[in-house]
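Trainee: I'd like a close look at one part of this model, and I'm curious about the aromatic rings. Could you start there and then walk me through whatever connects to them?

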Amino acid sequence: MPTKKKPQVNATEPPAAATARDRRRELLDTAAEVFAEQGYNATTVRRIADHAGMLAGSLYYHFDSKESMLEEILRTFLDELWDGYDTVLGAELGPRETLESLVTESFREIDRHRAAVAIYQKESKQLVAQERFAFLAESQRKFEKAWLSTLERGVAALVFRSDLDVRLTYRFVRDTVWVAASWYRPGGQHSPEEIARQYLSMVLDGIAVRE
């Protein structure tokens, strides 16, 4: 199945710049975990700083507000998600293979950005009303179009059942995939690819023994 390439490391990057970049990433990871656990509105800059082991004033050296932290967390997650999705959609696979690859990419993103996915699930309905987070609505529209077109293509090609309600199926697949962010923990017993395989087996083949 298609997967995105890992970003290349800039070998000429000065050590100080690399250190600053890595520290920024660590702070964003910390903020994402706090936002996911305690909710965006309930989280203060001081609380994030406490979890990062620094003073609140020092956090402002890296970010001007908690809004800017949240925006970068969500944009990073969605940019990477769409890198993977666009690779899949551009591969001209059959509808079943496309569905399988989209599900697998989704679980890979939960593995990479579990906290960001949890934030997206909990907060996006409120955030989309803010101009700063309008990009969330655009991503949602693209997401729906990608999945619906894949399902419709499968029905037309007789790969999926002709009586399939594609919109209901889309909602089922969407919700059951992304809710995994509430229980999935990176480094667990199963890899994201194995979870995707088991999930796809249940969705596409069912759980009842065939006679």
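Mentor: Sure, let's start with the rings: there are 12 aromatic pairs in this structure. Keep in mind that the model is a predicted one. Take Phe143 and Trp147 as our example: the ring centres are 5.7 Å apart and the planes meet at 40 degrees, so this pair is tilted. If you wonder about that wording, a pair of aromatic rings is described by the distance of the centres and the angle of the planes. A tilted pair is one that falls between the two cut-offs, because planes under 30 degrees apart count as stacked and those over 60 as edge-to-face.

Now look at where the two residues sit in the chain. Phe143 and Trp147 are both in helix 7, 4 residues apart, which separates them by about one helical turn. There's a handy rule behind that: an α-helix has 3.6 residues a turn, so residues three or four places apart point the same way. Both Phe143 and Trp147 are buried, too.

Phe143 and Trp147 also belong to something wider. Ring pairs join them with Phe77, Trp82, Tyr85, Tyr120, Tyr170 and Trp178 into a cluster.

Stay with helix 7 for a moment and find Glu144. The side chain of Glu144 meets that of Arg167 in a salt bridge, with 2.8 Å from N to O. Glu144 is in helix 7 (residues 135-156) and Arg167 in helix 8 (residues 166-178), so the pair links distant parts of the chain, 23 residues apart. How exposed are these two? Arg167 has a relative accessibility of 36%, so it counts as partly exposed. Glu144, at 28%, counts as partly exposed as well.

Rings can also have a charge sitting over them, and there are a couple of cases to find. One is Phe135: the charged end of Arg75 sits over its ring, 3.9 Å from the centre. Arg75 has other company, because Glu71, Arg75 and Arg132 are linked in a network of salt bridges. Glu71 lies in helix 4 (residues 66-89) and is buried, with a relative accessible area of 17%. If you skip its neighbours within four places in sequence, Glu71 is in contact with Arg132, Phe133 and Phe135. That brings us back to Phe135, the ring under the charged end of Arg75.

The other case is Tyr40, where the charged end of Lys66 sits over the ring, 4.4 Å from its centre. Lys66 then leads us to Thr43. Leaving aside neighbours within four places in sequence, Thr43 is in contact with Val34, Phe35, Gln38, Ile48 and Lys66. You'll find Thr43 in the loop between helix 1 (15-38) and helix 2. Thr43 is buried, at a relative accessible area of 1%. A polar atom of the Thr43 side chain lies 2.6 Å from the backbone oxygen of Gly39.

One of those contacts, Ile48, takes us into helix 2. In helix 2 (residues 45-52), the buried residues include Val45, Ile48, Ala49 and Ala52. Why do these four go together? They cover an arc of only 100 degrees around the axis, which puts them on the same side of helix 2. Turn to the other side of helix 2 and you meet Arg46 and Asp50, which are exposed. Just after helix 2 comes Gly53, with a positive phi of about 75 degrees.

Let's finish with the salt bridges, since we've already met some. How many salt bridges does the structure hold? There are 18 of them. Glu33 forms one with Arg114, and their closest N and O atoms are 2.8 Å apart. Glu33 lies in helix 1 and Arg114 in helix 6 (residues 114-127), so this pair ties together parts that are 81 residues apart in sequence. Glu33 is partly exposed at 39% relative accessibility, whereas Arg114 counts as buried at 12%.

Then there's a salt bridge within a helix, between Glu100 and Arg96, where the closest N and O atoms are 3.1 Å apart. Glu100 and Arg96 are 4 residues apart in helix 5 (residues 95-112), so about one helical turn separates them. Glu100 counts as buried at 17% relative accessibility, while Arg96 is partly exposed at 30%.

Key
Residues are numbered from 1 along each chain as its sequence is written. This is a predicted model: local features need pLDDT of at least 70, side-chain atom pairs count only at pLDDT 80 or more; totals for chains, interfaces and linings use all residues. Side-chain values use heavy atoms; hydrogens and water are left out. Buried means under 20% relative accessible area, exposed over 50%, partly exposed in between (1.4 Å probe, protein chains only). Helices (H or I, at least four residues) and strands (E, at least two) are DSSP runs, numbered from the N terminus. The arc is that of the directions from the helix axis to the C-beta atoms. A polar contact is a pair of N or O atoms within 3.5 Å; within protein, one must be able to donate a hydrogen and the other to accept it, and residues adjacent in sequence count only if both atoms are side-chain atoms. Contact means heavy atoms within 4.5 Å. A salt bridge is a side-chain nitrogen of Lys or Arg within 4 Å of a carboxyl oxygen of Asp or Glu. Rings of Phe, Tyr and Trp (its six-membered ring) pair if their centres lie within 6.5 Å; planes under 30 degrees apart count as stacked, over 60 as edge-to-face and the rest as tilted. A charge sits over a ring if NZ of Lys or CZ of Arg is within 6 Å of the ring centre and within 35 degrees of the ring normal.
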